[in-house]
Amino acid sequence: MTPALPPPDPVEPKEYAMTRKPHFAALALAGMALVTCATQATPGFAQDRPGPGGSTVEVSNQGQEVYEQICQACHMADAKGGGEPGAMIPALAGNKNLADKDYPIIVVMKGRGGMPWFNGVLTKEQIAAVITYVRGHFNAYPDPVTVADIDRVVAADPPVPECNTCGH
Amino acid sequence: MSDVFTPPTRRALLTMIGKAGGAAALYQAMTVLAHAADSQFTGPPRLSGARPGSTVLVLGAGLAGMLAAYELTKAGYKVQILEFQGRAGGRNYTVRGGDTITEIGSKQQVTFAQGNYLNPGPWRIPYHHRTVLHYCKELGVQLEPFLQINHNALIHNRKAFGGKPQPYRELMVDWKGHVSELLGKSLNAGALDTAVTAEDKTRLLEAMREWGVLDKNMQYTKSFKLGEQRGWERVPGGGVNGAPIPNDPFSLTETINSGVWQTLGFFAEHVMQTTMFQPKGGMDHIGKAFQARVAKMIRFNTRVTKIAQDDKGVTAAWTDTKTGATGETHADWMVCTIPAPVLNQIDFQASAQKKAAIRALPYGNSVKIGLEMKRRFWETDHAIYGGISFTDQAISLISYPSAGCFTDGPAVLLGAYPFGAGAYMLAGMTPEKRIQAALDQGSVFHPAEYKAEFLSGASVAWNRMPWILGCCANWTEESRAAHYQNLVAMEGRIVLAGEHCSYYGCWQEGALLSSIDAITRLHQRAMAA
């Protein structure tokens, strides 16, 4: 590898226009990237990491179990999130943003803020199952989310919703 | 050139070459000066001559923040640091008996014996992380070898050997032997005649025979010669039964199923190669050594709520998390090392591009679990001294302590260090259930002793640490291309630093290299202003 030396800083702060379309090459692969290996294992450059083991561990296909095995690590067992102001993990319980099923699909597939994407970590089946569970169990949105919904959102490729602590 | 009689310093020379010839020339020159091959580190920044009275506000007292404060103070700046926690060091962190681990949703009291510890964050320093090693030396941090590779440690895969772990040594030798035999067969069958010259074919066959320890028929079979690599049914001894008895290699299929090639590949990575080091007594001795130099500058328990700047200076508004008092701190310049998942939630006066970069930087998760055992049964009963045993279970690995070999009394094993799904699984458990899972899973390696010798455990789930909400920045090639330069660019009077602002993600080396780069640019801009 050739270490890239940093370019010099601009002398004056630039005027910033957000014209560039965010890069979502990873999402384009969503339909096929159903590997069990974690995105964290392919950072592009060598992070400190455990080695070949635990990222290949199998995750359930059942919605509640996916929630317990993956999501509750951050969103907590009661889905109420936590933390302190300025460093919050959003609640999923009673979260109005989940009324629109596309919203959690986008966030789970693409990540947002500190939350990584789970496209490539979980299968589309697992993602559909867990979103169905979270919307139905911790909220009052009983209509199921399907793999077809995920395919539809992936094809439309919408931007990640712009908010820092949605759900609060 | 105005002063041909004074030999330039190496740094000045490199700067000159860089200006004249660009990055490629600079890199080549650095290589000749024996630096670039292993590290971009060319020595501490040696900044000097700050304008009298100029001030810098550093956000975060982790390694990046404290290096910035240390070096900028030497350069003549007046520095203040605001730190969210009641301790310095950030992810440079060690827990010991008497400590409390506070996660979102739980608290643990650590009861390890005197001298025992867990490094929940960084735990090993490759020999080429020259920035970390430099500052360890400069600040008087004592280092000792970290035992990275142990051929007598184990590899466990649920799909191989009926779930029975096998020594890395045997699997590694068998992998080499089977691959050599297969390559030999391909060569002898003429399958590679269009790919290799006749001369190379001859040498390759000879190499496969020696490297793979094949027999005269190019078969990978049991032999005395092979026993010298993979071990014995009966090891060599003295007297009547001195003659060793070789044992049978594992089958190709079982060897493949073990996944040993992944371990070989892992240890072949530059950042995983030996020699490795660790600070004696715990990784946090590095943070403590920096802290000793900058302690008076740190305001603890201070949560930054707003970051602003204008053409005169920078302002951080904050709340004291102990007293509830609020305040503002002003300075001429700012180094912000707040981790992206938290910075993302702070009112930060920055360009849309900078904010987009921060927002596009999720943090991966990791969990570390320390298990204190009554005695070093891995040494006394299994001749395993340091190193790592790998598993495909959620815990991912266990690692045996590098220090204190042959001592009596309790010792702490690293009982889990996963990324990915395994890390989420363990993090989502209560601390008590994490320990139970670590004991259940780790027992595959040492079933007779693991639970019987257990004393106490402690765990850290990084995504639940309230001051960072994750382990470290999770870049991709795409997000690097779209956002990295926007993240690290100095904007007005503010520059960001930390491992997330480096290509050494998740390493202390990245935090320090990023900080040196950031303060060097800050100083240049301050002197030009």
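**Exercise 1. Determine in which sense α3(B) passes α9(B), and characterise the contact between them.**

Solution. In this predicted model, α3(B) passes α9(B) in a left-handed crossing. The residues that make the contact are B:V132, B:Y135, B:C136, B:E138 and B:L139 on the side of α3(B), together with B:I286, B:A289, B:F290 and B:R293 on the side of α9(B). Sorted by class, these comprise seven nonpolar and two charged residues, with no polar ones. For the geometry, take helix α3 as residues 130-139 and helix α9 as residues 284-294 of chain B, whose axes come within 10 Å and cross at roughly 55 degrees. An angle of 65 to 115 degrees would count as roughly perpendicular and one under 35 degrees as roughly parallel; α3(B) and α9(B) are therefore oblique to each other.

**Exercise 2. Carry out the corresponding analysis for helices α3 and α5 of chain A.**

Solution. Begin with the axes of α3 (residues 102-110) and α5 (residues 147-156) of chain A, which come within 10 Å and cross at roughly 70 degrees. Since the range from 65 to 115 degrees counts as roughly perpendicular, that description applies to α3(A) and α5(A). Next, identify the residues that meet: A:D102, A:I105, A:I106 and A:M109 belong to α3(A), while A:D149, A:I150, A:R152, A:V153 and A:V154 belong to α5(A). Classifying them gives six nonpolar and three charged residues, and no polar residue.

**Exercise 3. Describe the surroundings of B:N152, and decide whether B:N152 is buried, partly exposed or exposed.**

Solution. First locate B:N152, which lies in the loop between β8 (143-146) and β9 (154-156) of chain B. Its relative accessible area is 21%, and because buried requires a value under 20%, B:N152 is classed as partly exposed. Then list the contacts, setting aside neighbours within four places in sequence: B:N152 touches B:R169, B:H382, B:A383 and B:I384. Finally, consider B:G386, which is 234 residues away from B:N152 in sequence, although the C-alpha to C-alpha separation is 9.6 Å.

**Exercise 4. Identify the buried residues of helix α11 of chain B and the elements against which they pack, then place them in the context of the chain.**

Solution. Within α11 (residues 352-359) of chain B, the buried residues are B:Q353, B:K354, B:A356, B:A357 and B:I358. These residues pack against α10 (340-343), β19 (347-348), α15 (477-488) and β27 (494-496) of chain B. Turning to the chain, one counts 16 helices and 27 strands in chain B, and 59% of its 529 residues are buried. Of the contacts in chain B with a separation of 6 or more, 69% are between residues 24 or more positions apart.

Methods: Residues numbered from 1 in each chain as written. Chains lettered and ligands numbered in written order. Predicted model: local features only at pLDDT ≥ 70, side-chain atom pairs only at ≥ 80, totals over all residues. Heavy atoms only, no water. Axes fitted to C-alpha atoms, helices over the stretch in contact; angles between N-to-C directions. Helix = DSSP H or I, 4+ residues; strand = E, 2+ residues; numbered from the N terminus. Parallel < 35°, antiparallel > 145°, perpendicular 65-115°, else oblique. Left-handed = near helix turned anticlockwise from the far one by under 90°. Contact = heavy atoms within 4.5 Å. Nonpolar A, V, L, I, M, F, W, Y, C, P; charged D, E, K, R; others polar. Buried < 20%, exposed > 50% of the residue type's maximum accessible area, 1.4 Å probe, protein only.
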